[in-house]
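This report goes through one protein chain, from its overall make-up to a few single residues. Please keep the sequence and the 3D view open while reading.

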Amino acid sequence: MKKTLTLLSLFSLLSLSTFAQNIFTAIQENDIPAVKYLLEKGINVNAKNEQGNSPLMAAVKNGSDRAVLLLLQRNPDVDTKDKAGNTALILAAAVKNTRITDLLLTHYPKLDVKNSAGTTALITAIQAGNTETALILLRNGADAKAKDGRRKTAIDYATGINNAELITLLNSNVTAAVQ
């Protein structure tokens with residue numbers, strides 16, 4: 001019995017590294033034990049894949065708040081950018097997972113960083129119709145007056161999608177900032 005248990009334990013360790021050949025595969029497959037194992041083995045949390053995504057970005061895109069939490073415990077660079085200039089926070093604004101946004105904000109990312117299109121996390125949240133994330137970003141100090149590459153603000157996008165709640169929220173935020 002003891003021999004069988006030892007063999008099963010050895011097999012599970014070997015298969016873990018076989019199935020999750022790298023951190024990106026583990027994250028894509030939402031294989032949290034493999035992510036944890038790879039992190040414990042000292043994987044570089046700031047490594048990048050072919051698209052320029054860090055493991056944190058991959059976890060955000062995958063919507064895996066558990067993987068995001070595990071990665072954040074290793075203090076990755078939360079402001080690193082992918083090839084399109086997106087940060088993890090900009091990507092989180094598009095996924096509509098407020099838990100991920102909240103987790104990222106505990107590591108003090110730059111709120112108003114722009115990607116290569118000039119889009120901020122706030123503008124991304126509004127384009128995605130993500131009112132909750134927009135509110136979280138505004139409460140944490142995101143700039144409602146920031147303009148993207150097309151010279152549009154968050155209010156312009158909220159008006160474009162006719163989201164009265166966001167328009168009111170953004171107008172009150174801009175008014176408070178001016179006062």
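The text below treats the whole chain, then its core, then four residues in turn.

**The chain as a whole**

The structure is a predicted model. Its protein chain contains 11 helices and zero strands, so every element in the run from the N terminus is α, as DSSP assigns helices and strands. Of the 179 residues in the protein chain, 47% are buried. Among contacts with a separation of 6 or more, 61% join residues that are 24 or more positions apart. A search for aromatic pairs across the whole structure gives zero. One ring does have a charged partner: Lys152 lies over the face of Tyr157, at 5.2 Å from the ring centre.

**The core and helix 5**

In soluble globular proteins, nonpolar side chains tend to be buried together. Here the largest nonpolar core has 51 residues, and Leu104, Leu122, Ile126 and Leu170 are those with the most contacts inside it. Helix 6 supplies the largest share of this core, six residues. The core lies between domain 1 (17–77) and domain 2 (89–178), because both domains give residues to it.

Helix 5 (65–72) has Ala67, Val68, Leu70, Leu71 and Leu72 as its buried residues. The cover over these buried residues includes helix 2 (23–28), helix 3 (32–40), helix 4 (55–62) and helix 7 (98–105).

**Four residues compared**

Which places and accessibilities do Thr80, Asn49, Asp112 and Ile126 have? The table lists them.

| Residue | Place | Relative accessible area |
|---|---|---|
| Ile126 | helix 8 (residues 121–127) | 0%, buried |
| Thr80 | loop between helix 5 and helix 6 | 14%, buried |
| Asn49 | loop between helix 3 and helix 4 | 18%, buried |
| Asp112 | loop between helix 7 and helix 8 | 32%, partly exposed |

Asn49 counts as buried because its 18% is under the cut-off of 20%. Asp112, at 32%, is partly exposed because that value falls between 20% and 50%.

**Ile126**

Ile126 belongs to helix 8. Leaving aside neighbours within four places in sequence, Ile126 touches Ala134, Ala154, Tyr157, Ala158, Ile161, Leu166 and Leu170. One of these, Tyr157, is the residue whose ring face has Lys152 over it. Another, Leu170, is listed together with Ile126 among the residues with the most contacts inside the largest nonpolar core. The C-alpha atoms of Ile126 and Ala94 are separated by 8.7 Å, while the two residues are 32 residues apart along the chain.

**Polar contacts of the loop residues**

What does the side chain of Thr80 make a polar contact with? Its partner is the side chain of Lys48, at 3.0 Å. Lys48 is also among the residues that Thr80 touches, together with Ser54, Met57, Asn86, Thr87 and Ala88, not counting residues up to four places away in sequence.

Asn49 uses a side-chain polar atom, which lies 3.0 Å from the backbone nitrogen of Gln51.

For Asp112, the side chain reaches the backbone nitrogen of Asp143 at 2.9 Å. Beyond its neighbours within four places in sequence, Asp112 is in contact with Thr120, Gly141, Ala142 and Asp143. Asp112 and Leu137 are 25 residues apart along the chain, and their C-alpha atoms are separated by 9.6 Å.

Key
Residues are numbered from 1 along each chain as its sequence is written. This is a predicted model: local features need pLDDT of at least 70, side-chain atom pairs count only at pLDDT 80 or more; totals for chains, interfaces and linings use all residues. Side-chain values use heavy atoms; hydrogens and water are left out. Helices (H or I, at least four residues) and strands (E, at least two) are DSSP runs, numbered from the N terminus. Buried means under 20% relative accessible area, exposed over 50%, partly exposed in between (1.4 Å probe, protein chains only). A polar contact is a pair of N or O atoms within 3.5 Å; within protein, one must be able to donate a hydrogen and the other to accept it, and residues adjacent in sequence count only if both atoms are side-chain atoms. Contact means heavy atoms within 4.5 Å. Rings of Phe, Tyr and Trp (its six-membered ring) pair if their centres lie within 6.5 Å; planes under 30 degrees apart count as stacked, over 60 as edge-to-face and the rest as tilted. A charge sits over a ring if NZ of Lys or CZ of Arg is within 6 Å of the ring centre and within 35 degrees of the ring normal. A nonpolar core is a set of buried Ala, Val, Leu, Ile, Met, Phe, Trp, Tyr and Cys residues joined through side-chain atoms within 4.5 Å. Domain bounds come from an automatic or database domain assignment.
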